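I opened my notebook to look a few things up in this structure. Come along and check each entry against the picture.

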Amino acid sequence: MIILPAIDIKDGNCVRLFKGDFKSKGASYLHVVDLDGAKEGRPVNTKIYTDVAEKTNLKVELGGGIRSLETIDEYLKMGITRVILGSVALKNPKLVSDAVIKSRSGIKDPNRPIASFMFLGPTGVGKTEVAKT
């Protein structure tokens, strides 16, 4: 079993506050979402996520406001372990394709999943179109 605690950040604060040490509970990853970034379409609370990645032993996976390969590269260089492409995956499937192609060279485990999709609000894209992308 993988324990994956999740924290959403809005206005620089946790939307839901959890007390305790995730690592001592068996977690190795922390799933965080920049809700401000998702709404604004750009990274907003970057320092919070990079501090968590730097100051804890948790691997951080991050979504919200990621709209370019440059942002993906910056987050990975700052110590973020995984990035999550949400609604941008439907709005810009080429970004997903480019990110997958670029990441393929660094994947040592061919069975490791390389894509994760989460969506913020209505996208106007039906299930058939999602399947085609």
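**Entry: a partner in β3.** I began with Asp8 and looked for its bridge partner in β3, which turned out to be Val33. That bridge belongs to the pairing of β1 and β3, which is parallel and spans four bridges. I noted here that the model I am reading is a predicted one.

**Entry: β3 itself.** Is β3 open to the outside or enclosed by the rest of the structure? I checked residues 29-34, and six of the six are buried, so the strand is largely enclosed by the rest of the structure. Next I sorted the side chains by face. Tyr29, His31 and Val33 lie on one side, Leu30, Val32 and Asp34 lie on the other, and all of them are buried, so to speak of β3 is to speak of a strand covered on both faces.

**Entry: the other neighbour of β3.** I then turned to β4, which covers residues 59-63. It pairs with β3 in the parallel sense, over five bridges. For one example of who faces whom, I found Leu62 of β4 opposite Val32.

**Entry: the whole sheet.** In what order do the five strands lie? I read the order as β2-β1-β3-β4-β5, in an open sheet with mixed pairing. β2 (13-14) and β5 (82-84) are the edge strands, each with pairing on one side only. I also wrote down the antiparallel pair: β1, residues 6-10, meets β2 over two bridges. Within that pair, Lys10 has Asn13 of β2 as its bridge partner.

**Entry: the loop between β1 and β2.** Asp11 sits in this loop. Its phi caught my eye, being positive at about 55° although Asp11 is not a glycine. Is Asp11 buried or exposed? I looked up its relative accessible area, which is 58%, and because exposed begins over 50%, Asp11 counts as exposed.

**Entry: Lys10 and its surroundings.** The side chain of Lys10 meets that of Asp11 in a salt bridge, at 3.7 Å from N to O. Lys10 is partly exposed, with a relative accessible area of 41%. I then compared positions with Lys39, a residue of helix α1 (residues 35-40). Lys39 and Lys10 are 29 residues apart in sequence, and their C-alpha atoms are 10.0 Å apart in space. Lys39 is exposed, and I noted 74% for its relative accessible area.

**Entry: more salt bridges.** How many salt bridges does the structure hold? I found five, and wrote down two more by name. Glu40 joins Arg42, with 2.7 Å between the closest N and O atoms. Both ends are partly exposed: Glu40 has a relative accessible area of 46%, and Arg42 has 43%. Asp98 joins Lys94, with the closest N and O atoms 2.9 Å apart. Why are these two separated by about one helical turn? They are four residues apart in helix α5 (residues 93-104), and that spacing is the reason. Here the two ends fall into separate classes, for Asp98 is partly exposed at 25%, whereas Lys94 is exposed at 55%.

**Entry: rings.** I checked for aromatic pairs, and the count came to zero. I did find a charge over a ring: Arg82 lies over the face of Tyr29, at 4.1 Å from the ring centre.

**Entry: the overall layout.** I counted six helices and five strands in the protein. Reading from the N terminus, I wrote the elements as β-β-β-α-α-β-α-β-α-α-α. Of the 133 residues, 32% count as buried. I also looked at contacts between residues at least 6 apart in sequence, and 61% of them join residues at least 24 apart.

**Entry: how confident is the predictor?** The mean pLDDT of the protein is 76, and 68% of its residues reach 70 or more. Over residues 113-133 the pLDDT is below 50, and in the model this stretch has 27 contacts beyond near neighbours in sequence. I marked those residues in my notebook to remember their pLDDT, which is below 50.

Technical notes. Residues numbered from 1 in each chain as written. Predicted model: local features only at pLDDT ≥ 70, side-chain atom pairs only at ≥ 80, totals over all residues. Heavy atoms only, no water. Pairing = 2+ DSSP bridges. Buried < 20%, exposed > 50% of the residue type's maximum accessible area, 1.4 Å probe, protein only. Phe/Tyr/Trp six-rings, centres within 6.5 Å; stacked < 30°, edge-to-face > 60°. Lys NZ or Arg CZ within 6 Å of the ring centre and 35° of its normal. pLDDT = per-residue confidence, 0-100. Contact = heavy atoms within 4.5 Å. Salt bridge = Lys/Arg side-chain N within 4 Å of Asp/Glu carboxyl O.
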